[in-house]
Amino acid sequence: MYKIENILITGGAGYIGSHIAEQLVKKKNIIILDNLITGHKRLINKKAKFINGDIKDKRKLIKIIKDNNIDSIIHLAAFLNVRESEKNKKKYFKNNINGTLNLIHACKDSKV
């Protein structure tokens with residue numbers, strides 16, 4: 001049976017990500033990746049490893065996955081404001097779509 005030990009939570013300094021990390025950090029190694037644009041460092045559990053970074057940086061994602069021996073990822077990094085997304089479509093596309101594609105490719109390149 002495959003055992004999950006090292007979990008990367010993207011957007012882990014946000015409301016939902018911090019609550020998930022709070023529960024998982026009791027039994028797993030939690031690595032949080034967040035750029036702190038909407039997240040808050042004060043929400044991060046002290047037992048989790050925090051990396052200030054962005055899902056738009058594919059090279060950094062690959063390095064984080066490899067350096068921390070990540071075997072599972074919970075992806076919560078996204079911009080959420082619907083009204084703003086209608087006004088600034090490019091910003092949301094770059095972050096939410098391209099950023100997610102970067103994460104998917106980093107997983108594939110890292111065999112996660």
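This is a guided tour of a predicted model, moving from the sheet to the helices packed against it and then to single residues.

**The sheet**

Start by selecting strands E1 (6-10), E2 (29-34), E3 (49-52) and E4 (72-75). They make an open sheet of four strands in the order E3-E2-E1-E4, with parallel pairing. Colour E3 and E4 separately: these are the edge strands, and each pairs on one side only. Looking across the sheet, you should find that the twist averages 20° from one strand to the next.

Now keep E1 and E2 in view. The two pair in the parallel sense over five bridges. Show the side chain of Ile9 and look across to E2, where Ile32 stands opposite.

**Helix H1**

Add residues 15-24, which are helix H1. H1 lies across E1, E2 and E4, and runs at about 165° to E1. An angle over 145 degrees counts as roughly antiparallel, so H1 and E1 are roughly antiparallel by that cut-off.

Which residues of H1 are buried? Select Gly17, Ser18 and Ala21. Seen around the axis, they cover an arc of only 95°, which puts them on the same side of H1. What covers these buried residues includes E1 and E2. Turn the helix over, and the face away from the buried side carries Tyr15, Ile16 and Gln23, which are exposed.

**Helix H2**

Next select residues 58-67, helix H2. Show Leu61, Ile62, Ile64 and Ile65 as sticks; these four are buried. Look down the axis of H2: its buried residues fall within an arc of 165°, so they line one face of the helix. On the other side of H2 are Arg59, Lys63, Lys66 and Asp67, which are exposed.

What do the buried residues of H2 pack against? Display the four strands again together with helix H4 (89-110): the buried residues of H2 pack against E1, E2, E3, E4 and H4.

Before leaving this helix, step past its end to Asn69. This residue follows H2 and has a positive phi, near 50°.

**Where H2 meets H4**

Hide the strands and keep H2 and H4. The axes of these helices come within 9 Å and cross at roughly 45°. The two helices are therefore oblique to each other. H2 passes H4 in a right-handed crossing.

To see the contact itself, select Lys58, Leu61, Ile62, Ile65 and Lys66 on the H2 side. On the H4 side, select Asn102, Leu103, His105, Ala106, Cys107, Asp109 and Ser110. Three of these residues are worth a separate stop.

*Leu103.* Centre on Leu103 in helix H4. Is Leu103 buried or exposed? Its relative accessibility is 4%, so Leu103 counts as buried, the cut-off being under 20%. Leaving aside neighbours within four places in sequence, Leu103 is in contact with Thr10, Leu61, Ile73 and His75. Of these, Leu61 is one of the buried residues of H2. For a distance check, pick the C-alpha atoms of Leu103 and Glu84: the two residues are 19 apart along the chain, and the atoms are separated by 23 Å.

*Ser110.* Move along H4 to Ser110. With a relative accessible area of 15%, Ser110 is buried. Outside its neighbours within four places in sequence, Ser110 is in contact with Ile62, Ile65 and Lys66.

*Lys66.* Cross over to Lys66 in helix H2. Its relative accessible area is 54%, so Lys66 is exposed, although Lys66 is in contact with Ser110. Draw a line from its C-alpha to that of Ile30: the distance is 14 Å, for residues 36 apart in sequence.

**Last stop: Ser72 on the edge strand**

Bring the strands back and centre on Ser72 in strand E4. E4 is one of the edge strands. Is Ser72 buried or exposed? Ser72 has a relative accessible area of 18%, so it is buried. Show what surrounds this residue: not counting residues up to four places away in sequence, Ser72 touches Ile4, Asn6, Ile7, Leu8 and Val112. In this list, Asn6, Ile7 and Leu8 fall in the residue range of E1 (6-10), the strand next to E4 in the order of the sheet.

Methods. Residues numbered from 1 in each chain as written. Predicted model: local features only at pLDDT ≥ 70, side-chain atom pairs only at ≥ 80, totals over all residues. Heavy atoms only, no water. Buried < 20%, exposed > 50% of the residue type's maximum accessible area, 1.4 Å probe, protein only. Arc of directions from axis to C-beta. Contact = heavy atoms within 4.5 Å. Pairing = 2+ DSSP bridges. Axes fitted to C-alpha atoms, helices over the stretch in contact; angles between N-to-C directions. Parallel < 35°, antiparallel > 145°, perpendicular 65-115°, else oblique. Left-handed = near helix turned anticlockwise from the far one by under 90°.
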